[in-house]
Amino acid sequence: MNGVIEALHIFDEHNSPILSHTYTSRPLSPSYLLPLYLEHPAPRPNLIYLPNTNPPTLVFSLKHANLLFLLTTSSEVEPLLVLEFLHRIVDSFEDFLGTPLLAHKIESNYDVVAQLLTEMCDAGTINTTEPNALRDLVEVEGFMGKLLGNLNLPTKPTFSNPSPASLLAQQNTLALPWRRNNVRHTQNELYADVIETLSVTLAPSGRPLAAFANGTIAFTSKVSGVPDIVVTLTGPTGRHNLGSIIDLPVFHPCVRLAKWREQPGVLSFIPPDGRFTLAGYEVDLLPLDARNLGNMSASANNLKLPVSLEIKTCLGPTGSDFEVRLTVNRIPGTGGGSGSGGGGSSSNYPLSSASGVGRGMGGGPQPGIPAFPTLQDLKVTVPLPADVRNLAEIRTAKGDATYNPGDRFLEWTIPNKDVAAGFASHFALRCTVVGQSTSGDDEDDNDDPTGFGFNTSSVGGRDWSYDAGEPAPYQSSSDLLSGGGKQPLTAEQEKEEKERKDGKLAQQNKILMPSSASVSFAVKGWTASGIKVDSIVLDPRRSKGLAETVRPFKGVKYLTVSKGGVEIRC
C-alpha cells in the first residue's frame, strides 16, 4: 500500500469549512464532500467508502472539540496509519495553538497551521509528526515580532561564522527526530504519570464477566542536553513476571525495544523534551481460574474494586420500583514511595518527601498518594428503556439524583465529602417508574386509546354487548336503582381482585425496568493492575550535555479512572 493523502478539510461546530489543505491530485471539494459524509447515519465510522464519486474516495474522519476533520484519498492506504496521522495533527495543533482547540484559533493562526500541515505531510506522504522536531521546523512569531513587524524598521544584515566550539557541539549532538536540539532548562525535572482506565462487566450475581485495565504512562522530561533515562516498572508480585501480566504493550519510538525484550519492565530511552506518552498497555484483571465460566465463586471483591454495585428491579406491590445499591470499599494503601535512583523524589509530585508520604497543612498524611488513595467524582448512571415516560419518585439519602425524560437515563452523583476516606460506605437509591400509558387497570380500558371508555363494552358494571342475532336487552328501572345489579364484593374477593390487578401491572412494568447500571469514579494514588514505577534513573555517563552533579527532581503520580466502565447487567 503506497497510497498518498490528497486533502484535509476542517469544519467547525456548524459544519462550515474553516480550512482546506490540498496535498496532491484534484480531491473532492469540501462543499461536495460534506453532504456525502452526513448521508451516513450516526454514529458514523472513522472510515467511509464513497463508491459513486469520480474517482471512488476513502474518507477518514475525526471529531475533536466540536471540530470535524475529514481526510480524503482515492488510493489504497493503511487505515491505521492515516487515523494516527489525524490524531497527530490534532496534537500538533494543540501544542502550537493551545487547548482547547477552537475554530477561531485555526483561522487566526493560518500561517502556523499551514507550516504544520506542510511539514507533517509532503506531497501526500506522511513525513515529520514529532512535536519536538516540528518546533525546530515551524516558525512561530511572538507578540513582539508581530508588533515590530508592522513598523517596517530598517535592518542591517549581519553575517557571523559559527565558532569551532558550536560546530563541535552540533557534531556531538545525536540526530533524534523526536528531540529538538540545544535543550536548556534552569530546573531539571522528571515526572511520570501512570493512568489506568477500567472496563469491567459484572453479571447480575456480581460475578465479573470481563475486567480489563488499559494503562498509559505519560512522561514529562525537562532536562538539559540529551539525557539517557531508565524507568523500571514492577507488578503486584514484583518484576519477575511482569511480562506475563502486561498484554499488548505499545511504546514511544524513543524506547529501546531490545532492552524491554531482554528485561520486561525496564524502559530505556532518550526522551523528547516536554510531555509525551511513553508507553501503553492492557492488563486482564481476572485470574485464570476466574475466567472459567464454570467457576461461580469469583466475585467483584476479588478484583479489589473501590466500589461495588448492585441493582434490584420489579420491587413494590406493582413491580414499578427499582433500587440501586452502591458500596464504597476500603482501598488498601501501599505504603512507602517509589525509588528515585538518585536525586529528590516524590510519589505524588509536586510533594518532595523522600518516603513518598506527603504531609498536609496540619501535619497529617496527604491524601491521593499510594499510601492514602483518594476516591472522588463518584457517579452512577442508569439507562432507562424508551417506554419509560417519567420517574414518579426518586428517593436517596445522600447525593443528588437527576433525571430528564428526554435523556433516557438517570444520574446519581455523590459528593466527595459524603465518601468516607478509608472506610466502607453504603448508599442506596430507589425510584418508581411510570409507563407511557396509565389509563385504567382493566384489560378493556388499556385497549381504549382515548381514555374515555368509548371502545368498551362494559359501562357502570353492566355488559352492553349483545349478539346481532338476538334482541337487544333493555334495562329496567329496578336495575337503575340497584346500580345495574352489581353485587358488592366481599373482603376476600376484593383482596383477590387487587392481587390480580397488581400482578397484571407487575407484568407490564417488567419492560420498564433498567437492564444495566454503570458507575464512574476516579482514584488518586492507586492503580487497578498494581503496576508501579519502581525507579527513575538518569545515567550521567550515557547522557550528553549534562553535568554529573545534576540531580533532577523526580516524581510519580497514579490515577485510575472509570468513565462508566464498571457496569452491572440485570
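Start by selecting Phe219, Phe269 and Phe276: in this predicted model, these three residues form one aromatic cluster. Colour them brightly and we can walk through the cluster pair by pair.

**First stop: Phe219 and Phe269.** The structure holds five aromatic pairs, and this is one of them. Put a centroid on each ring and you should find the centres 5.4 Å apart, with the planes at 85°. An angle over 60 degrees counts as edge-to-face, so that is the label for Phe219 and Phe269. Now switch on the cartoon. Phe219 sits in strand β9, residues 208-222, while Phe269 belongs to strand β12, residues 266-269. The two residues are 50 apart along the chain, and their pair links distant parts of it.

Are these two rings buried or exposed? Phe219 has 0% relative accessibility and is therefore buried. Phe269 is buried too, with a relative accessible area of 0%.

**Second stop: Phe269 and Phe276.** Keep Phe269 selected and add Phe276. This aromatic pair is also edge-to-face, at 6.4 Å centre to centre and 75° between the planes. What about the accessibility of Phe276? The value is 9%; the limit for buried is under 20%, so Phe276 counts as buried.

**Third stop: charges over rings.** Leave the cluster and select Phe96 together with Arg135. Arg135 lies over the face of the Phe96 ring, 4.3 Å from its centre. Then jump to Tyr558 and show Lys532 as sticks: Lys532 lies over the face of Tyr558, at 4.2 Å from the ring centre.

Notes
Residues numbered from 1 in each chain as written. Predicted model: local features only at pLDDT ≥ 70, side-chain atom pairs only at ≥ 80, totals over all residues. Heavy atoms only, no water. Phe/Tyr/Trp six-rings, centres within 6.5 Å; stacked < 30°, edge-to-face > 60°. Helix = DSSP H or I, 4+ residues; strand = E, 2+ residues; numbered from the N terminus. Buried < 20%, exposed > 50% of the residue type's maximum accessible area, 1.4 Å probe, protein only. Lys NZ or Arg CZ within 6 Å of the ring centre and 35° of its normal.
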